[in-house]
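Here are my notes on the model you sent over. Have the structure open while you read, since the points go from the whole chain down to single side chains.

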Amino acid sequence: MRWRPPVKARAGGLGVAAVSYVAVDYLRYLSPAWHFWLMPALWSMLALVAVARVPFYRHWSVEFRSVFPFVASMIFMLSTFLFEALSVRSVSAVLGLDWHSDTPPLPDSGQWFLLALNEKLHPTLVEILRAHIIGLHHFLMLFMMLAFSVLFDSVKAPGLGLGARYMFTMAIGRFLRAITFVSTILPSARPWCALARFSVPAHPHPWLQKYYVPYASDPAAIRQVINRDIAYADVGNYIGDYRPDWGSMSLLIDFLRPTTSEEGSWFNLLKKAGGGCNDLIYSGHILVAVLTAMAWTEAYGGFSSAVIWLFVLHSAQREIRERHHYTVDCVVAIYVGILLWKMTGFIWSAKDASSRSKRLSRLEKIHGRLIQAAKDSDMDDIRELLKEVETDTPESHSSSSSGRVRVRSKAMWVFASATIVSALTVVFLALTWTTDG
């Protein structure tokens with residue numbers, strides 16, 4: 001018994017729905033009035049269609065076994081987001097606002113190339129490249145649609161397994177990203193960003209006043225510190241920082257560097273971190289886009305996968321064009337996303353060889369009963385036995401077993417209801433929190 005992509009997947013219905021979603025959301029720029037009515041209607045329709053398929057979904061027992069990996073992956077991902085937010089605020093604050101305003105952006109060949117293309121390409125094509133066709137929340141929604149499509153047998157179950165792999169891979173990617181951009185601090189491609197978004201001290205942290213500032217630009221000082229391999233300069237008295245009372249979390253003061261104008265707890269500062277105002281190599285937006293494209297390509301395939309990858313490339317060039325990132329950030333995010341996705345197939349895979357072996361094992365167990373049903377020409381019994389092979393939910397005709405099956409069925413209904421409500425809630429929150437990019 002070999003798993004084959006169902007006809008619905010090859011028909012491209014999911015791809016049409018995905019492109020339609022992106023097109024309808026783009027109406028916010030073309031016709032805000034139409035967007036105001038059509039977007040909520042589309043969300044409601046997609047949610048109702050998904051809920052309507054719940055009673056006909058045959059793999060809830062498989063989904064139940066994926067709950068723990070799903071929840072564990074979500075907790076891991078949220079933990080890495082917290083670490084990343086702390087790192088973003090730290091690298092934006094440690095050198096002070098004066099460094100951000102005085103340090104020019106790095107030379108970027110990708111920016112030059114896109115500016116040159118603007119002079120060579122037709123103006124209509126240039127406007128298409130500039131258009132905000134797709135953003136972070138679109139890629140998240142496209143993945144949600146992909147995961148929910150297990151209800152229609154368009155994608156291999158379990159959907160929670162696919163979601164667990166997506167979140168686990170993203171968590172690894174965000175963690176690697178954070179330790180990468182804190183290793184070497186690079187100036188932003190937008191020099192005004194820090195002054196507009198952050199209220200941090202203008203001067204560097206005292207640690208950098210000793211170990212960085214005296215050797216930042218003087219070639220003789222740099223040569224001497226290399227030869228001596230010791231911080232020899234006398235910097236006098238350090239300029240201190242404001243130190244609020246954060247109790248047990250006061251150890252974060254040196255990383256977050258709050259000012260008197262920023263009231264509140266350390267967590268409030270982290271919520272303001274956003275995308276930061278340094279070059280955060282590599283791009284988190286493009287990482288999300290690539291993971292969505294990789295998941296779509298493996299789970300669904302077809303022409304729509306090529307469209308998703310075009311969306312990724314469009315998003316990458318716009319990140320460079322609008323100078324949210326340097327070209328290197330987008331290039332690294334693309335190959336890191338591809339490699340990380342390839343490494344996490346042990347969580348969920350559309351080409352899971354163990355799935356075939358499990359079906360063959362179940363087929364061997366019912367081999368005798370299947371032959372007897374064939375001899376008796378009992379087609380109903382044959383269908384039930386084959387259903388056991390596909391769903392891994394063996395039936396029993398004894399009264400006690402029937403009672404257990406009914407209890408288990410009720411438990412699965414409760415689980416199914418809780419899962420669909422929780423999933424739709426997560427979708428709503430994700431779209432709400434990421435609509436602004």
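The points below cover the overall make-up, one helix, one arginine, the cavity and the aromatic rings.

1. First, a reminder that this is a predicted model. The chain is built with 22 helices and zero strands. It runs to 437 residues, of which 44% count as buried. Take the contacts in the chain with a separation of 6 or more: 80% of them are between residues 24 or more positions apart.

2. How well covered is helix α13? Hardly at all: this helix spans residues 219–228, and among its 10 residues the count of buried ones is one. Both ends have something to look at. At the N-terminal end, Asp218 acts as the cap, with a side-chain oxygen 3.2 Å from the backbone nitrogen of Ala220. After α13 comes Asp229, which has a positive phi, near 55°.

3. Arg174 deserves a moment. It sits in helix α10, residues 159–181. Is this arginine buried or exposed? Arg174 has a relative accessible area of 13%, and the cut-off for buried is under 20%, so it counts as buried.

4. What does the side chain of Arg174 reach? One partner is the backbone oxygen of Gly284, at 3.3 Å. There is also a polar contact with the side chain of Glu84, at 3.1 Å. Leaving aside neighbours within four places in sequence, the residues in contact with Arg174 are Thr80, Phe81, Glu84, Gly284, Leu287 and Val288. Glu84 and Gly284, the two polar partners, are thus both in that list.

5. On cavities, the count of those of 30 Å³ or more is one. The largest cavity holds about 30 Å³ of space. Its lining consists of Trp99, His100, Thr103, Pro187, Ser188, Arg190, Pro191, Ala194 and Cys277. By type, that lining divides into five nonpolar residues, three polar and one charged.

6. Now the rings: the count of aromatic pairs is 13. One of them is Phe76 with Phe168, a tilted pair at 5.6 Å centre to centre with 45° between the planes. This pair links distant parts of the chain, since Phe76 belongs to helix α5 (residues 67–93) and Phe168 to helix α10, 92 residues apart. Both rings are on partly exposed residues: Phe76 has a relative accessible area of 30%, and Phe168 is at 23%.

7. Why is the pair of Phe143 and Tyr166 called stacked? The ring centres are 3.7 Å apart and the planes are at 10°, and planes under 30 degrees apart count as stacked, so Phe143 and Tyr166 get that label. Phe143 lies in helix α9 (residues 136–148) and Tyr166 in helix α10, so the pair ties together parts 23 residues apart in sequence. Phe143 and Tyr166 are both buried.

8. Last, which residues make up one aromatic cluster? They are Tyr57, Trp60, Phe64 and Phe415. If you want a short viewing list, I'd go for this cluster, then the stacked pair of Phe143 and Tyr166, then Arg174 with its polar contact to Glu84.

Definitions and conventions:
Residues numbered from 1 in each chain as written. Predicted model: local features only at pLDDT ≥ 70, side-chain atom pairs only at ≥ 80, totals over all residues. Heavy atoms only, no water. Buried < 20%, exposed > 50% of the residue type's maximum accessible area, 1.4 Å probe, protein only. Helix = DSSP H or I, 4+ residues; strand = E, 2+ residues; numbered from the N terminus. Polar contact = N/O pair within 3.5 Å; in protein donor to acceptor, adjacent residues only side chain to side chain. Contact = heavy atoms within 4.5 Å. 1 Å grid on protein atoms, 1.4 Å probe; cavity = no way out; pocket = protein on both sides within 12 Å on 5 of 7 lines; lining within 4 Å. Points joined across faces, edges and corners; volume = space filled by probe spheres on them. Nonpolar A, V, L, I, M, F, W, Y, C, P; charged D, E, K, R; others polar. Phe/Tyr/Trp six-rings, centres within 6.5 Å; stacked < 30°, edge-to-face > 60°.
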